[in-house]
Amino acid sequence: MDKDLLKTRAAPETEKRQFEDEALESLWELFEKEGPSAENVSLEELKNSSLGNISALEGMHRDGLIEISPGGRVKFTEAGRLRARDITRRHRLAERLFADILALNEYEEDACRFEHAISPEVEEAICTFLGHPPTCPHNRPIPRGKCCKLYTKKVTPLVASLADSQVGEDYKVVFLRTPMIDRLASIGLVAGSMIRLVQKRPSYVIKVDETTIAVEEEVAKGVFVKKHES
Ligand SMILES: [Zn+2]
Ligand SMILES: [Zn+2]
């Protein structure tokens with residue numbers, strides 16, 4: 001869709017929020033490059049960065065998201081830091097989702113739109129689905145969420161390939177990433193179906209309803225499942 005059209009449609013409040021989010025994210029990135037001790041840059045340095053847009057800085061200042069010292073040093077307020085951290089986390093999770101699961105090469109613009117659109121529940125679900133990734137595809141750290149703390153105690157990703165699953169357990173198929181997709185579908189193994197992993201060696205044996213099928217490890221690696229909670 002035409003970008004300008006989107007702009008005119010967005011409510012002014014939403015638009016302002018997104019504009020501010022982008023600026024907060026840029027500031028977060030800048031501080032990240034300089035290291036946490038440098039969460040304090042001069043206005044001069046900011047003017048030479050992608051944050052050169054002074055109206056963004058003024059807006060953030062007015063809204064209590066950044067502090068500007070009399071000497072012209074800029075740093076986050078607690079509220080600003082939390083929001084910047086949050087938006088950066090959502091952006092980078094979106095990047096992981098688009099790059100790893102959807103195998104897209106071009107996704108930056110969509111990641112930018114996506115980060116504004118998802119609720120905290122969806123954000124947590126994506127993080128859990130991806131196994132709480134520590135970094136984005138550009139190797140920048142993804143700020144940890146509440147779900148990630150729980151994860152370090154439980155240490156089981158929500159979705160894993162059959163190769164990483166346990167014999168004798170029932171699973172629900174979440175998605176398939178294998179050229180064998182047609183053959184698997186012909187016996188009813190599709191996203192959403194319930195299966196049991198019967199054995200792993202010498203080959204993988206999977207039971208779907210009353211049908212049992214043996215597949216190579218390569219295929220098993222492409223079948224992603226979630227444990228069935230009965
Ligand atoms: Zn990234
Ligand atoms: Zn997480």
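Two exercises with worked solutions follow, on a zinc site and on the nonpolar cores of a predicted model.

Residues are numbered from 1 along each chain as written, and chains are lettered from A and ligands numbered from 1 in written order. Local features need pLDDT of at least 70 and side-chain atom pairs pLDDT 80 or more, while totals for chains, interfaces and linings use all residues; side-chain values use heavy atoms, without hydrogens and water.

**Exercise 1.** Identify which residues coordinate the zinc ion (ligand 1) and where they lie.

*Solution.* Step 1: list the donors (N, O and S atoms within 2.8 Å of the metal, or 3.2 Å for Na, K and Ca; water is not among the atoms, so sites may look incomplete). They come from Glu95 (OE), Cys136 (SG) and His138 (ND1), at 2.0 to 2.4 Å.

Step 2: read their spacing along the chain, which is E-x40-C-x1-H. Glu95 belongs to helix H5 (residues 78–101) and Cys136 to the loop between helix H7 (120–129) and helix H8 (146–154), so this pair ties together parts 41 residues apart in sequence. Helices are DSSP runs of H or I with at least four residues, numbered from the N terminus.

Step 3: assess burial. Both Glu95 and Cys136 are buried (under 20% relative accessible area, 1.4 Å probe, protein chains only).

**Exercise 2.** Determine which residues of the largest nonpolar core touch the most other members, and which helix gives the most to this core.

*Solution.* Step 1: apply the definition (buried Ala, Val, Leu, Ile, Met, Phe, Trp, Tyr and Cys residues joined through side-chain atoms within 4.5 Å). Among its 19 residues, Leu93, Leu97, Phe98, Ile126, Phe129 and Leu130 touch the most other members.

Step 2: compare the helices. H5, H7 and H8 each supply at least two residues, and H5 gives the most, with five.

Key
Buried < 20%, exposed > 50% of the residue type's maximum accessible area, 1.4 Å probe, protein only.
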